[in-house]
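I sat down with this model to look up a few things and jot down what I found. Notes follow, in the order I went through them.

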Amino acid sequence: MAQPRKATPSNAAAHGAKFDHTVLVLQGGGALGAYQAGIYAGLADAGIAPDWIAGVSIGAINAALIAGNPPERRVERLGEFWDRISAHTPFMPPAYLEHLRPMMNAFSAASAVTFGVPGFFSPRVPPPFLSPDGSIEALSFYDTRPLRDTLEQLVDFDLISRKDVRLSLGAVNVRSGNSVYFDNTQMRLGPEHVMASGALPPGFPPVEVGGELYWDGGIVSNTPLWYVVDEGYRMNALVLQVDVFSGAGEMPQNLREAQERVKDIQYASKTRFNSTRIREIEELRGALHRVIAKLPAALKSDPDVRQLTAVSTRGAVALLHFINRHNTHSANFKDYEFSRATVTDLWNGGLEDARRAVASPKWQEAMALASGIGIYDMTIR
């Protein structure tokens with residue numbers, strides 16, 4: 001993987017210092033999570049370090065790798081993880097074979113389906129339909145115990161427990177169907193919490209946490225943005241959301257491209273809805289604040305008015321979207337195509353997108369936000 005240069009203290013002080021919090025929001029997307037790792041590497045290059053990371057699915061794994069390592073080792077650990085899980089097809093084709101990438105990527109995806117991904121998951125033997133009903137083995141095609149080993153090797157869960165960085169991981173309770181978040185401010189997190197957030201059925205089995213079984217949080221919502229907004233509705237924050245699926249795209253020309261667009265829209269839809277709803281809520285919050293300001297002084301001490309005043313008052317929130325718009329020629333199987341060539345392309349694409357964004361006028365505009373909420377697409381050309 002490309003390694004960014006180290007940021008200088010002056011770089012770090014120049015970006016986001018006016019905000020009380022820097023929040024990194026990472027959605028699910030399998031192999032596309034390499035783009036998130038590249039974005040983080042580019043942000044680290046500029047000295048930008050989150051104090052709160054919220055993740056779902058592959059975003060939860062990247063989040064744990066970041067929060068579970070000291071700042072100087074985070075990019076290195078991300079690189080180790082993505083090198084490890086792309087080891088099954090490590091061939092990096094030269095430029096003159098670029099026209100063969102779609103075929104090679106299809107082979108890589110087929111390999112992942114057939115043989116699994118090293119350090120991540122392996123096929124069940126015997127297969128689930130030969131396992132007794134009610135057993136964990138009967139609920140998925142793959143065994144994710146290799147992921148537990150990887151997390152235990154690359155993530156310091158004692159460091160996460162120190163709460164230097166807040167870590168929130170989204171999952172779904174299998175019985176109730178309710179979305180839940182495992183948060184290190186409320187409990188001690190371990191490998192099982194990360195694995196539960198990424199337990200996407202029917203590929204992966206549910207993971208037991210505290211006597212309950214959990215599936216991938218992306219089943220309910222593929223982005224943890226709402227959790228961040230609900231939990232910190234009064235915070236003054238720089239929120240960096242990395243979306244690995246792009247809601248906007250070209251008109252498909254064939255069935256393969258149509259399937260890819262369906263997947264992009266399906267997993268990006270909640271992100272766009274959330275951003276719209278957040279803007280609407282902030283407009284209502286501003287209107288409420290203005291109405292309260294018009295009330296007679298005698299009413300300002302009323303308990304209901306004081307409560308509404310607290311709800312209507314907040315600091316500035318700059319919500320910066322980084323959206324993966326890179327074509328890896330992996331079509332509708334791009335979320336389970338883990339070849340070294342594709343992972344490297346995604347990492348480098350995220351790295352360059354982050355560096356370009358930090359140097360852009362749009363970034364300076366976001367840093368100058370004085371109040372309210374500003375939403376910025378940092379990767380649109």
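**Helix pair first**

I noted that α4 and α6 are roughly antiparallel to each other, since their angle of about 155° falls over the 145 degrees cut-off, and therefore gets that label. I should say right away that this is a predicted model. I put α4 at residues 74-85 and α6 at residues 145-154, with the axes 11 Å apart. The crossing of α4 past α6 is right-handed. Which residues make the contact? From α4 I listed Arg77, Glu80, Phe81 and Arg84, and from α6 Leu147, Thr150, Gln153 and Leu154.

**Strand β1 and its partners**

Next I went to β1, residues 21-26. How many of the 6 residues of this strand are buried? I got 5, so β1 is largely enclosed by the rest of the structure.

I then checked what β1 pairs with. It runs parallel to β9 (residues 237-243), and 6 bridges join the two. I picked out one pair there: Val23 of β1 has Val239 as its bridge partner in β9. β1 also runs parallel to β2 (residues 52-56), here with 4 bridges. In that pairing I found Val25 opposite Ala54 of β2.

I also looked at the connection between β1 and β2. With helix α2 (residues 33-45), the two strands make a right-handed β-α-β unit.

**Backbone oddities**

I kept a reminder for this part: most residues other than glycine have a negative phi, and most peptide bonds are trans. Then I looked for exceptions.

Where does Ser57 lie? I found it in the loop between β2 and α3 (58-67). Its phi is positive, about 60°, although Ser57 is not a glycine. Is Ser57 buried or exposed? Its relative accessibility is 12%, so I logged Ser57 as buried.

Ala331 went on the list too, with a positive phi near 50° in a residue other than glycine. I located Ala331 in the loop between β10 (317-323) and α12 (340-358). Ala331 counts as buried because its relative accessibility is 6%.

On to the peptide bonds. The one from Val125 to Pro126 is cis, and I read its omega as near 0°. Pro126 is in the loop between β3 (122-123) and β4 (142-143). I wrote down another cis bond, joining Pro201 and Pro202, with omega about -5°. For Pro202 I noted the loop between α8 (191-197) and β7 (207-209).

Methods: Residues are numbered from 1 along each chain as its sequence is written. This is a predicted model: local features need pLDDT of at least 70, side-chain atom pairs count only at pLDDT 80 or more; totals for chains, interfaces and linings use all residues. Side-chain values use heavy atoms; hydrogens and water are left out. Buried means under 20% relative accessible area, exposed over 50%, partly exposed in between (1.4 Å probe, protein chains only). Two strands pair if DSSP finds at least two bridges between them. A crossover is right-handed if, with the strands pointing away from the viewer, the path from the first strand over the helix to the second runs clockwise. Axes are lines fitted to C-alpha atoms, for helices over the stretch in contact, and angles run from 0 to 180 degrees between N-to-C directions. Angles under 35 degrees count as roughly parallel, over 145 as roughly antiparallel, 65 to 115 as roughly perpendicular and the rest as oblique. A crossing is left-handed if the near helix is turned anticlockwise from the far one by less than a right angle, and right-handed if clockwise. Contact means heavy atoms within 4.5 Å.
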